[in-house]
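Q: Please take a close look at one helical part of this model. Describe its form and its surroundings, and then place it in the whole assembly.

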2 protein chains.
Amino acid sequence: MKKTLTAAVLLIGDELLSGSIRDENLGHIATTLEQRGIRVRETRIVPDIEDDIVDAVNALRKRYDYVFTTGGVGPTHDDITSDSIAAAFGVKNIIQQPVFDLIKGYLDGKGIEFTAAAQRMAFAPEGAEMIYGANSMIPGYRVDNVFVMAGVPRIMKMMLSAIVETLQIGSTILSREVHADISEGEIAAALEEIQTANQNVDIGSYPQDTGSTRSDYRVVFVVRGTELDEIEQVCKSIYGACIDLKVRAQIAESAE
Amino acid sequence: MKKTLTAAVLLIGDELLSGSIRDENLGHIATTLEQRGIRVRETRIVPDIEDDIVDAVNALRKRYDYVFTTGGVGPTHDDITSDSIAAAFGVKNIIQQPVFDLIKGYLDGKGIEFTAAAQRMAFAPEGAEMIYGANSMIPGYRVDNVFVMAGVPRIMKMMLSAIVETLQIGSTILSREVHADISEGEIAAALEEIQTANQNVDIGSYPQDTGSTRSDYRVVFVVRGTELDEIEQVCKSIYGACIDLKVRAQIAESAE
């Protein structure tokens, strides 16, 4: 039986921490990986500071099957991801000639100078494996179980679609939902019983804020696991508990 | 001279990692804290698993002046934040009688039973200091330098506005921006020189994706620091470097 694989996401960039830019990558990474049976178990956001990136990479790569980083791979002084990944692995950050040639050819064609700063984009840690996609000129790359991607969402998506083709596939995570007009406190005891009796699924309970676009019910219960029969059975139990409490409820496909 | 204080944010909840719900709290927390001179230096998102929460809390509280958690404080089986914070500090998770009485009074008034499950919402670690706000019934709380808040954005905001009144104020972080129609590679060398000559500010360089709502220029440079004179001087230097390269540019108030 295939096991569920685990991943961590490391979002790199001061701007994500200051509230000036809202991350747009995590959701896409999580749903793309889930489709392949890889579950994001932890996410960290760190600033453009080498020690912080090194610490996070080294903690996460030991703990999870895969680590995915975004950001810090451009040409400016605050783009220090490749230097930091190299430091985390104790190797040098070196020029990758095929990438260098690709970028140079592209800029030459446009009559743009390939500055020393821009050449930094052709660097990656010694031993890195470049992962070329059909649509993006600059490849993401892999060092051991760490995958390095751009932060700009459009480019990140192209890199990720090439990367996922190279990954092992875990057992697919499926989910269904029960929506109900109930307060969590009323159903919490029943819910805990159902969870205890069904250890192979995870039941999450999410109260909906006023104006939620997800559901017009007051709470969404999400049941997640790898066996659809079991998930559906658990949804029926939760639905039954809601009906016993005489509240409006329905079982739904998962929005995820 | 006041120093800039540091904070970490710990977002707790499976749903934030699976991509099923997008975090709406980090941006608000970061901007609210920045106005008080407290800078978010790291963010982690962890699932509803006690060991993971304990590890994160213990790592972050030693490293930063303040830690702010969101989520996992409701009445259901997956709401384990208070248990986990208690475990992180090696104390018991105990009933807080004033909170218990508040919730009971509220539910009695509505004719709703105060179930054993709902009573979990009246628990907090031994020694926790409840922080009551003008608008929210259930208080956030503090244990040492760790502040615990709800995950529902509307409630989190009420808790945070009460909490920030109790915090030490650091030196305020200010920022200004330069927007320019340039490729990062062209200006990277000049930018690095400017950064090296002005160590008291942080210069970030953010290429704008197609369809960016932030700027119709190709790159936004954000200059951050505590002294406005210095920030404005650095912005002028960056603007000057852009003009030298014969590209369209402008200095702007920061959107942050």
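A: The domain bounds used here come from an automatic or database domain assignment. The model is a predicted one. In chain A, that assignment gives domain 1 (5-164) and domain 2 (174-253). The centres of domain 1 of chain A and domain 2 of chain A, taken over C-alpha atoms, lie 37 Å apart.

The part chosen is helix α8 of chain B, which covers residues 184-197. Its 14 residues reach 19 Å from the first C-alpha to the last, close to the 20 Å expected at 1.5 Å a residue. α8(B) also has a bend of about 30° at A190(B).

Buried residues of α8(B) are E184(B), G185(B), I187(B), A188(B), L191(B), I194(B) and Q195(B). The elements covering them include β10 (202-207), β11 (219-225) and α9 (228-244) of chain B, together with α6 (116-119) of chain A.

That cover from chain A leads to how the chains are related. A turn of 180° and a shift of 0.0 Å along the axis lay chain B on chain A with an RMSD of 0.0 Å. This is therefore the relation of a two-fold axis. R44(B) has the C-alpha nearest the axis in chain B, 2.1 Å from it. Of the interface residues of chain B, 100% are also interface residues in chain A, so the copies meet through the same surface.

As for the interior, the largest nonpolar core has 52 residues. Among those with the most contacts inside it are F68(A) and F68(B). Beyond its neighbours within four places in sequence, F68(B) has contacts including V9(B), L33(B), F147(B), M149(B) and L167(B).

Terms used: Residues are numbered from 1 along each chain as its sequence is written. Chains are lettered from A and ligands numbered from 1 in the order in which they are written. This is a predicted model: local features need pLDDT of at least 70, side-chain atom pairs count only at pLDDT 80 or more; totals for chains, interfaces and linings use all residues. Side-chain values use heavy atoms; hydrogens and water are left out. Helices (H or I, at least four residues) and strands (E, at least two) are DSSP runs, numbered from the N terminus. The expected span of a helix is 1.5 Å times one less than its number of residues. The bend at a residue is the angle between axes fitted to the seven residues ending there and the seven starting there. Buried means under 20% relative accessible area, exposed over 50%, partly exposed in between (1.4 Å probe, protein chains only). Contact means heavy atoms within 4.5 Å. A nonpolar core is a set of buried Ala, Val, Leu, Ile, Met, Phe, Trp, Tyr and Cys residues joined through side-chain atoms within 4.5 Å. Copies are superposed by least squares on the C-alpha atoms of residues with pLDDT of at least 70 in both.
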